[in-house]
Amino acid sequence: MRLAIDFGGTNIKIGLINDEAKFLDHKEVPLADFPSGTHFIAAFLDYLEQYLAGRTPQFIGMATKGGVILETAEVSSDIGAGQYLIGANLRHNFESRFKAPFFLDNDARAYAFGEYSFGAGRGSNTMLCMTLGTGVGSALVHNGMPYATSDPVGGLLGGHISIDRNGIPCSCGNKGCLEGYVSATALMEIIKKNHPELLTQDVDPLAAFFKLGKEQPLSLIGTSVRAFQQDLMLGLVNIIHAYSPDTIVIGGGVAKSAALFLPDVIEAVSRMAWTSPRGATSIVASELGNKAALLGMAFHPALKQ
């Protein structure tokens, strides 16, 4: 039995997973349920002990959205509740409490390894996963190993490929970063500015945005959807030229509407991306959704070493 944790910006996802990758239990708990500051980690460990209720995990894998120093299992940078993890000796805290090997990785790499092993990337030799959520995360898996460097954010910054040197200023210091155009956050800003009527309906505004854009291609909303598709296409072409992956998996909240926007993107990318032969990279939607990172951490190759 493996304990997997996905430490997000609003909630913490927790899963108990058996050796056949089947969930024995799955829970999501709001970060707001825990005290802030220096008491956070102790309170979270206490919660996990109650959650396990005497069950003993074989491995513990934890994903976090922050920068991670893999060798020491430390968070080097993060915001929100993630800042309470910075510099903490998480490996010691977890292993001394639960007597099981502990490993920490970034959530984009965890998500990618989950899809590579059990989801839409199965059978790939080189697979890149791009998640369109609050930002745009990306991670590569090659020959069964998540790609990482000595830089805590190495290999994760596909969302900061610039698609316009005169574009939107990004908090990273660059201009025209991809995540400023295709993340869920960016799309919600477009909806608020140009299509506020979608916010007054009892529907998912992102799903409504893509649905109406497909049904009304000549309308303003149709133009907005095409702009999103073109921006995503440019980012994917750059990713393909950098890594030549067999497969690109699109995940995150925006991917729930992939059936409405992805076919046109795939067609454009197959014309624009230089692969041999053309169209050699398969582009598909995530199969595992918000369980991908949990599965990726439960079976992370580092836990076998």
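1. A quick word on angles before anything else: axes are lines fitted to C-alpha atoms, and angles run from 0 to 180 degrees between N-to-C directions. With that in hand, look at helix α2 (residues 90-98), which lies across β1, β4 (59-64) and β7 and runs at about 140° to β7. Keep in mind throughout that this is a predicted model.

2. The sheet under α2 is a good place to start. It is an open sheet of five strands in the order β3-β2-β1-β4-β7, and the pairing is mixed. At its edges stand β3 (23-30) and β7 (102-106); each has a single partner strand, so one side of each is left without a neighbour in the sheet. Averaged over neighbouring strands, and ignoring direction, the turn from one to the next is 15°.

3. Going through the pairings here, strand β2 (residues 11-17) and β3 run antiparallel and are joined by seven bridges. If you want a landmark in that pair, G15 stands opposite H26 in β3. On the other side of the order, β1 and β4 run parallel, with six bridges between them, and R2 sits opposite F59 in β4. Then β4 and β7, also parallel, share five bridges; M62 has L104 in β7 as its bridge partner.

4. How many residues of β4 are buried? Six of its six, so to speak: the strand is mostly covered. You can check this face by face: F59, G61 and A63 are buried on one side, and I60, M62 and T64 are buried on the other.

5. Helix α1 also packs here. It lies across β1 (2-7), β2 and β3, running at about 35° to β2.

6. Now the core. The largest nonpolar core has 53 residues, and those with the most contacts inside it are I5, I12, I14, F40, F44, L90 and F94. Helix α1 (residues 40-52) gives the most to this core, with eight residues. I5 is worth clicking on: leaving aside residues up to four places away in sequence, its contacts include F44 and L48, I60 through to A63, and F94, as well as L294 and M297. There is also a second, separate core of 38 residues, with L132, A208, V265 and V269 among its members. As background, nonpolar side chains tend to be buried together in soluble globular proteins.

7. Another five strands form an open sheet, this time in the order β10-β9-β8-β11-β12, again with mixed pairing. Its edge strands are β10 (145-146) and β12, each of which pairs on one side only. Helix α7 (residues 220-243) packs on this sheet, touching β8, β9, β11 and β12, and its direction makes about 150° with that of β8. Helix α3 (residues 107-118) lies across β8, β9 (136-142), β10 and β11, at about 50° to β9.

8. Why call strand β11 (residues 247-251) largely enclosed by the rest of the structure? Because five of its five residues are buried. Both faces are covered, with T247, V249 and G251 buried on one side and I248 and I250 buried on the other. As for its neighbours, β8 and β11 run parallel and are joined by five bridges. In that pairing, M127 has T247 as its bridge partner in β11, and C129 stands opposite V249. Four bridges join β11 to strand β12 (residues 282-285), and these two run parallel as well; there, I248 is partnered by I283.

9. One residue of β8 to look at is T131, which lies in that strand (residues 126-132). Is T131 buried or exposed? Its relative accessible area is 15%, so T131 is buried, given that the cut-off for buried is under 20%. Leaving out residues up to four places away in sequence, T131 touches Y111, V136, G137, G251 and G252.

10. Last, a helix pair. Helix α5 (residues 184-194) and helix α6 (residues 205-215) pack at an angle of about 70°, with their axes 10 Å apart. The two are therefore roughly perpendicular to each other. From α5 the contact uses A184, L187, M188 and I191, and from α6 it uses P205, L206, F209 and F210. By type, the residues of this contact divide into eight nonpolar, no polar and no charged.

Notes:
Residues are numbered from 1 along each chain as its sequence is written. This is a predicted model: local features need pLDDT of at least 70, side-chain atom pairs count only at pLDDT 80 or more; totals for chains, interfaces and linings use all residues. Side-chain values use heavy atoms; hydrogens and water are left out. A nonpolar core is a set of buried Ala, Val, Leu, Ile, Met, Phe, Trp, Tyr and Cys residues joined through side-chain atoms within 4.5 Å. Buried means under 20% relative accessible area, exposed over 50%, partly exposed in between (1.4 Å probe, protein chains only). Contact means heavy atoms within 4.5 Å. Angles under 35 degrees count as roughly parallel, over 145 as roughly antiparallel, 65 to 115 as roughly perpendicular and the rest as oblique. Ala, Val, Leu, Ile, Met, Phe, Trp, Tyr, Cys and Pro count as nonpolar, Asp, Glu, Lys and Arg as charged, and the others, Gly among them, as polar. Two strands pair if DSSP finds at least two bridges between them.
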